[in-house]
Amino acid sequence: MKIRVKEFVKLSLDKMTKIALAGTDRSQLDLYCVAPGQSQKAHTHDAQDKIYYVLEGAGRFTLGKSEERLVAGDALMAPAGVEHGLVNDGAEPLLVLVVVTPPPPHGAGAHA
């Protein structure tokens with residue numbers, strides 16, 4: 001399935017936008033659209049691994065007790081059980097492709 005990711009970009013002034021792009025029983029692909037100053041609160045998934053891949057922009061990503069600055073082309077792997085989150089501390093939108101495997105029980109629906 002081909003996905004034209006740029007066609008799904010949607011920034012919100014209120015909060016980070018999470019867009020489901022595709023999913024199967026074994027994986028989920030999302031697009032996070034994060035305006036400057038917005039964040040995803042640090043959290044954990046007991047049974048899912050998460051991969052962040054920065055498409056555009058830059059931001060600070062937390063992984064456990066460490067913090068990494070990611071820019072376009074960088075990726076970060078958050079294994080199950082490890083706290084993770086992000087903040088767009090820059091002046092430009094942050095677009096992040098996110099893979100979660102296996103998908104969480106609430107992760108349903110996707111665009112084609």
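I take two strands as paired if DSSP finds at least two bridges between them. The model I am reading is predicted.

Entry 1, strands E5 and E6. I looked up how strand E5 (residues 58-63) is joined to E6 and found six bridges, with the two strands running antiparallel. I then picked one residue, arginine 60, and traced its bridge partner in E6 to arginine 69.

Entry 2, the sheet. I followed the pairing outward and got an open sheet of four strands, in the order E3-E8-E5-E6, with antiparallel pairing. I noted strand E3 (39-43) and strand E6 (66-71) as the edge strands, since each pairs on one side only. For the twist from one strand to the next I have an average of 25°.

Entry 3, strand E7. Which strand holds methionine 77? I find methionine 77 in strand E7, residues 75-78, and alanine 78 lies in E7 as well. Is alanine 78 buried or exposed? I list alanine 78 as buried because its relative accessibility is 1%, and buried means under 20%. Methionine 77 has 42% relative accessibility, so I list methionine 77 as partly exposed.

Entry 4, around alanine 78. Leaving out residues up to four places away in sequence, I have alanine 78 touching Gln48, Asp49, Lys50, Leu63 and His84. I also checked alanine 78 against threonine 62: they are 16 residues apart in sequence, and their C-alpha atoms are 9.2 Å apart in space.

Entry 5, surface. I looked for the patch that includes Met77 and found Met77 with Ile51 and Val99 in a nonpolar patch on the surface. Together I have these three at about 210 Å² of accessible area.

How values were computed: Residues numbered from 1 in each chain as written. Predicted model: local features only at pLDDT ≥ 70, side-chain atom pairs only at ≥ 80, totals over all residues. Heavy atoms only, no water. Patch = residues over 30% accessible without salt bridge, like charges linked within 9 Å, V, L, I, M, F, W, Y side chains within 5 Å. Areas by Shrake-Rupley, 256 points an atom, 1.4 Å probe, with all protein chains shown as cover. Salt bridge = Lys/Arg side-chain N within 4 Å of Asp/Glu carboxyl O. Buried < 20%, exposed > 50% of the residue type's maximum accessible area, 1.4 Å probe, protein only. Axes fitted to C-alpha atoms, helices over the stretch in contact; angles between N-to-C directions. Contact = heavy atoms within 4.5 Å.
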